[in-house]
Amino acid sequence: MASISKDNGEETPLQVRLNGVATFIGIVGLLVVIFVLVVLLIRYFTGHTENTKGFVQFKAGKTSFSTTVCL
C-alpha cells in the first residue's frame, strides 16, 4: 500500500500521450485564432464590413486612427 501512494515523479505513458495531445490542441487552436484574426483584419481594412446602418466602417484616408482603434 505504501508503494502505491508514493509519487516518484515519473509520468505514466498515458500522461505522456495526454500532454502531447494537449500541446497539439493548443497549437492548432492558436493557428486558427491567428488565421481568423488575419481574415477579419483584411475584411475590415479592405472595406468589406458595414456597421448597423449599412455604411462601410473603414474608408482609407478618411477614417481616423482613433476611430479605427476605439470601435
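Trainee: Is Phe24 buried or exposed?
Mentor: This is a predicted model, and in it Phe24 lies in helix α2, residues 13-45. Exposed means over 50% relative accessible area. Phe24 has 57% relative accessibility, so the residue counts as exposed.

Trainee: Which residues make the nonpolar surface patch?
Mentor: The patch covers about 840 Å², and Phe24 is one of its members. An α-helix has 3.6 residues a turn, so residues three or four places apart point the same way. The patch is made by Val21, Phe24, Ile25, Val28, Val32, Phe35, Val36, Val39 and Leu40.

Trainee: Which residues does the UniProt annotation "transmembrane region" cover?
Mentor: The annotation comes from an unreviewed UniProt entry. In the model the span is 100% helix and 0% strand, and its end C-alpha atoms lie 38 Å apart. The annotation covers residues 20-45.

Trainee: How many Å apart are the end C-alpha atoms of α2?
Mentor: Start with the expected value: the helix has 33 residues, and at 1.5 Å a residue these should span 48 Å. The expected span uses one less than the number of residues. The model agrees with this, because the end C-alpha atoms of α2 are 48 Å apart.

Trainee: Which residue with a positive phi follows α2?
Mentor: The helix itself covers residues 13-45. The residue asked for has a phi near 85°, and it is Gly47.

Trainee: Which residues form an aromatic pair?
Mentor: Two rings pair if their centres lie within 6.5 Å. By this rule the count comes to one aromatic pair. Its rings are 5.0 Å apart, centre to centre, with 85° between the planes, an edge-to-face arrangement formed by Tyr44 and Phe45.

Trainee: Which of the two, Tyr44 or Phe45, counts as buried?
Mentor: Buried means under 20% relative accessible area, and exposed means over 50%. Phe45 has a relative accessible area of 41%, so this residue is partly exposed. At 9% relative accessibility, the buried one is Tyr44.

Trainee: What is the separation of the C-alpha atoms of Phe58 and Arg43?
Mentor: Phe58 lies in the loop between α2 and α3. Phe58 counts as buried because its relative accessibility is 15%. Phe58 and Arg43 are 15 residues apart along the chain, and their C-alpha atoms are separated by 9.8 Å.

Trainee: What percentage of the residues of the chain count as buried?
Mentor: The chain has three helices and zero strands. Its accessible surface comes to about 6,600 Å², of which 68% belongs to carbon and sulfur atoms. Of the 71 residues, the share that counts as buried is 6%.

Note on methods: Residues are numbered from 1 along each chain as its sequence is written. This is a predicted model: local features need pLDDT of at least 70, side-chain atom pairs count only at pLDDT 80 or more; totals for chains, interfaces and linings use all residues. Side-chain values use heavy atoms; hydrogens and water are left out. UniProt positions are given in the numbering used here, feature names are shortened, and annotations may be inferred rather than shown by experiment. Helices (H or I, at least four residues) and strands (E, at least two) are DSSP runs, numbered from the N terminus. Patches are made of residues with over 30% relative accessible area and no salt bridge: like charges are joined within 9 Å, nonpolar side chains (Val, Leu, Ile, Met, Phe, Trp, Tyr) within 5 Å. Accessible areas come from the Shrake-Rupley method with a 1.4 Å probe; for residues, only the protein chains shown count as cover. A salt bridge is a side-chain nitrogen of Lys or Arg within 4 Å of a carboxyl oxygen of Asp or Glu. Buried means under 20% relative accessible area, exposed over 50%, partly exposed in between (1.4 Å probe, protein chains only). Rings of Phe, Tyr and Trp (its six-membered ring) pair if their centres lie within 6.5 Å; planes under 30 degrees apart count as stacked, over 60 as edge-to-face and the rest as tilted.
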